[in-house]
Each structure stands twice: as C-alpha cells, then as structure tokens.
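Reader: I am in my first year and would like to understand the words used for a protein model. Could we go through them slowly, setting each value against its definition?

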Amino acid sequence: IREVHGPLFGTSSDDPYPEIERGGILNLITKIVSDVKACTATTCYLETVAALNEQVTELAEKNEEWRGKFNNMRSSYLDEVAMLRAENRPTRGNPDRLCLRDAATAR
C-alpha cells in the first residue's frame, strides 16, 4: 500500500514524483472529468440535435414550396370561379326592365 500511496500523495520522504502536489492530482482528475463531459455533450449534440436541425430546415423548405403551390392553385381556382360567375350573370341594367321583360316573355 505504501508503494502506491506514497507516489500519489507524497507521504514518503523519498518521493519519486516530486512535481506532483497533493491537490494536483485532484485538479487533474477534475479537469479530465470536465473535458469528458464536454466531449460527451458535443458528441450527443452532433449525433442527434444537429441531424434533427437539418431535418427541420429541410421540412421547412418543403413546407414553403407546398404552401406556394397551394396558393397558386387556390388563386387559379378562384379566378376560374369568378370568370364562370361573370359569364353566367345576366346583363346589368335596370332591374325593373329585366323583371318586365321576363314577365312579358313568360306569357
């Protein structure tokens, strides 16, 4: 136990690693754990969130494309309906004369 404990924590008078301090190992371990956590978070982001962001962007573009097609089709449909109504609408004029003419032709 002394052979393992001595070099790590400096309890031995003849320390083979004099550059290592008592708190130096804990600081090093803390830094390594922090780096591992940062790498894990980055990896998770790149593997899942980044791919999902790309899908959202692609689907948003497709949505805009389909929305434009829908608006064009709706516009042409409404233009066609307005044209058909205009063709089938009676000629504008005095409504009394139209009623008299319809009544006269009905006999």
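Author: Let us begin with one contact in this predicted model: the charged end of K69 lies 4.7 Å from the centre of the ring of W66, and sits over that ring.

Reader: What makes the charged end of K69 count as sitting over the ring of W66?

Author: The definition asks that NZ of Lys be within 6 Å of the ring centre and within 35 degrees of the ring normal. The distance for K69 and W66 is 4.7 Å, which is within 6 Å, and because the pair is listed as a charge over a ring, the angle condition is met as well.

Reader: Why is V33 called partly exposed?

Author: V33, which is placed in helix α2 (residues 22–88), has a relative accessible area of 41%. Buried means under 20% and exposed means over 50%, so a value of 41% falls in between and V33 is called partly exposed.

Reader: What makes V33 fit for a surface patch, and which residues join it?

Author: A patch residue needs over 30% relative accessible area, so V33, at 41%, passes that cut-off. Together with L26 and I29, V33 makes a nonpolar surface patch of about 270 Å².

Reader: How do you know where confidence is highest and where it is lowest?

Author: The mean pLDDT is highest in α2, at 91, and lowest in helix α3 (residues 95–106), at 54. Where pLDDT is low, the predicted coordinates should not be read in detail. For the protein, the mean is 78, and 62% of the residues reach 70 or more.

Notes:
Residues are numbered from 1 along each chain as its sequence is written. This is a predicted model: local features need pLDDT of at least 70, side-chain atom pairs count only at pLDDT 80 or more; totals for chains, interfaces and linings use all residues. Side-chain values use heavy atoms; hydrogens and water are left out. Patches are made of residues with over 30% relative accessible area and no salt bridge: like charges are joined within 9 Å, nonpolar side chains (Val, Leu, Ile, Met, Phe, Trp, Tyr) within 5 Å. Accessible areas come from the Shrake-Rupley method with a 1.4 Å probe; for residues, only the protein chains shown count as cover. A salt bridge is a side-chain nitrogen of Lys or Arg within 4 Å of a carboxyl oxygen of Asp or Glu. Helices (H or I, at least four residues) and strands (E, at least two) are DSSP runs, numbered from the N terminus. Buried means under 20% relative accessible area, exposed over 50%, partly exposed in between (1.4 Å probe, protein chains only). pLDDT is the predictor's confidence in each residue, from 0 to 100.
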